[in-house]
Amino acid sequence: MKNLLWKPFRMGQMELRNRIAMAPITAQYASKEGRVTKRQKDHYEARARGGAGLLIVEATYIHPQGQAFVNQLNISSEELVSGLSELVQVIHQHGAKAAIQLHHGGRMARSDLTGMELVAPSPLPKPNGEVPRELTVDEIVGLVALFAQAAGRAKRAGFDGVEIHGAHSYLVDQFLSPATNKRQDAYGGDVRGRARFLVEIIKAIRGEVGDGYPVWVRMNGKEYGVEGGATLEDAQQIARMAEEAGVDAIHVSAYGPKTPTNLTSPRFVPAIIEDLAEGIKKVVTVPVIAVGRITPEAGERLVAEGKADLIAIGKALLADPELPNKVSAGKLEDITPCIVCMGCRDDLFRGGVPGIRCQVNAALGREEECQIVPAAQPRRVLVVGGGPGGMEAARVAALRGHSVTLWEREARLGGQLVQAAIPPHKDRIEALIRYLQTQLKKLGVKVELAKEATPSMIEEFGPEALVLATGARPLVPEIPGLHRARMAQAGEVLEGKVDVGPRVAVIGGELVGCETAEFLADKGKRVTVMRRGQEMASSVGPSLRAFFLERLEKKGVTLLTGVKYEEATPEGLVITTGDGERKTIAANAIVLAAGSVSDRKLYDEVKDKVPEVHLVGDCVEPRKIGDAIAEGYRAGLEI
Ligand SMILES: Cc1cc2nc3c(=O)[nH]c(=O)nc-3n(C[C@H](O)[C@H](O)[C@H](O)COP(=O)(O)OP(=O)(O)OC[C@H]3O[C@@H](n4cnc5c(N)ncnc54)[C@H](O)[C@@H]3O)c2cc1C
Ligand SMILES: Cc1cc2nc3c(=O)[nH]c(=O)nc-3n(C[C@H](O)[C@H](O)[C@H](O)COP(=O)(O)O)c2cc1C
């Protein structure tokens, strides 16, 4: 690396220690009223300490009517300034600069939260069918003033700059996009008319904060899959107008239900957003910030090739706040890898206690309680099971100074992750296995492979604390004839241990069944996936599910729901369909993805024989990687 990323960079009057910015990430750690909380300060402090040059604090509503998320941050009144100022201080304390993203949801606001009507440039329904009211010109002028007042508050709170949220189909973007702005007046029509709202906001903010104070806009470089949406050419014109109006930079994102890499950047599409940053960079003289699954290596290249001046990193900084420090120290192998599972984004739309979580970083949003402090008394710890739960427990316990031994039955570490990494678009999970494995090695954990723990072996070892992370084993459903049929577990099929022939019937339509079907379809097999329930892949989060099902359909996989399994025969699987029709799904093999059961036999046998036992991950109940890692982390802290 030429280390361009580590060179200080100037934006307006703001001097950054490097060219890495934390992308704005709505974390839902604010209070219900949108006030700064301790949790939020800890979250940003960890990322400032981690070495990023600039933190762009998340979308913050400039008026209650624009609130789009539960527990979203609020900058709509003067009394909020002191809390925001505390947030700035914790960021500054670690040498990072702090900006804040000024946001109004427009038609994407949540009237159920705000109790106020939705407003937008045009009365077009939002995806849930709710129709906003068209803003009057007086109201638009009022909103321009609200943005400026919010910027003034940001400056008074000590922020080093403000970013106008002009992307992702929120209010400003609703004006910019021809798909959502159908106005016939001066705020609609051609690109100049549609950009007028943004231009007026920039000028009003400039008037409020004065020359030199960094102000920039985040905008879409393009809209994908939006009928009549904005093109890169539109975006180039808008960027030029924004520059003329006085911004200090352009932050280039993208948007659309079919966005290859928009605010969600799903795992399975290439991060082509770099082309958009380059496209904007060609037409402006102010710095360009690029975003979208940019690794530090890619960022270095983007800067070297002149395609961007700064890079923004989002999810990867949730997974590891220390990423910049680790890159600068050349310790790439120590970076906890984001597996792009999109769980953090799905959390924005989940009910229950608000706040995003990270599957690979248990400390996200729990920085205080998850601090790793040396153990008062180093102890002899035995971990049984080398899946993510066991490896994480061993890592954290070893970091705290315990003497840790890990036994794994198989000849390799990873547990179910080894299989989870095989289906299409799941290869980031390999990086997670590699990372955990490397950490155990570096921390001196004594890993013993091909060693199956028995109660007597554990007793003989005599651990002062025992972590059982023995995972789960796949279920075999009760279907007449199944044991005589040619059948295999999905995991075995993924690992290439079984030849299933050209036609395959998959039992179980959750994640594992559907992924295995895709894997087999890619190998040219004719696959039918069946489930008893009414919805395929129902536990797959909203960020990925529609893409996932669409891919299966495109690849010719037959999906059947509401199925009753009657009998396995040499010809295939006899079922009764949801419509009550009895038929045979012809198949050379039946692949099982019918869930799994926890393996707690060992626990029952040893729980009274060792002084302290911690149960972790799927052996408590089959769930997800994030549960195993969170519980492993907690066990490592508690020992
Ligand atoms: C194909 C597939 C895809 C998946 N995809 C996802 C996904 O996309 N996202 C997600 O969140 N989750 C996914 N999962 C589930 C996820 O992998 C598990 O939830 C997670 O691995 C559980 O971790 P764990 O450490 O508790 O247990 P495991 O990963 O099951 O590890 C347990 C380990 O203990 C070892 N062991 C058991 N008994 C003994 C013993 N007596 N002595 C020594 N060792 C022993 C086992 O060999 C195993 O290596 C997937 C699972 C599969 C099979
Ligand atoms: C949980 C979550 C919250 C986000 N919140 C915001 C936000 O408040 N404002 C915004 O402009 N983009 C938001 N984004 C988009 C990110 O800023 C970023 O553009 C995106 O995650 C792609 O970058 P990455 O691949 O480095 O994560 C959010 C993304 C996620 C996953």
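Biologist: Two strands pair if DSSP finds at least two bridges between them, right, and which residue in β4 is the bridge partner of Ala 21?

Modeller: Leu 54. This is a predicted model, with local features needing pLDDT of at least 70 and side-chain atom pairs 80 or more, while totals for chains, interfaces and linings use all residues. Residues are numbered from 1 along each chain as written, chains are lettered from A and ligands numbered from 1 in written order, and side-chain values use heavy atoms, without hydrogens or water.

Biologist: And how many bridges does β3 make with β4?

Modeller: Two, in the parallel sense, with β3 covering residues 20-22. Strands here are DSSP E runs of at least two residues, numbered from the N terminus.

Biologist: Which strand is joined to β4 by seven bridges?

Modeller: β6, residues 97-103, running parallel to β4. Val 57 has Ile 100 as its bridge partner there. β5, residues 73-74, is parallel to β4 too, over two bridges, and Tyr 61 is partnered with Asn 74.

Biologist: Is β4 mostly covered or mostly open?

Modeller: Mostly covered: eight of eight residues, 54-61, are buried, meaning under 20% relative accessible area with a 1.4 Å probe, protein chains only (over 50% is exposed, in between partly exposed).

Biologist: Switching to ligand 2, how many residues surround it?

Modeller: 21, with Pro 24, Thr 26, Gln 101, Arg 218 and Arg 293 the closest; the cut-off is a heavy atom within 4 Å.

Biologist: Which polar contacts does Arg 218 offer?

Modeller: A polar side-chain atom of Arg 218 is 2.7 Å from a ligand 2 oxygen (the limit is 3.5 Å between N or O atoms). Backbone N or O atoms also come to ligand oxygens: 2.6 Å for Arg 293 and 3.2 Å for Ala 59. The protein covers 97% of the 610 Å² of accessible area ligand 2 has on its own, by Shrake-Rupley with a 1.4 Å probe.

Note on methods:
A polar contact is a pair of N or O atoms within 3.5 Å; within protein, one must be able to donate a hydrogen and the other to accept it, and residues adjacent in sequence count only if both atoms are side-chain atoms. Helices (H or I, at least four residues) and strands (E, at least two) are DSSP runs, numbered from the N terminus. Two strands pair if DSSP finds at least two bridges between them.
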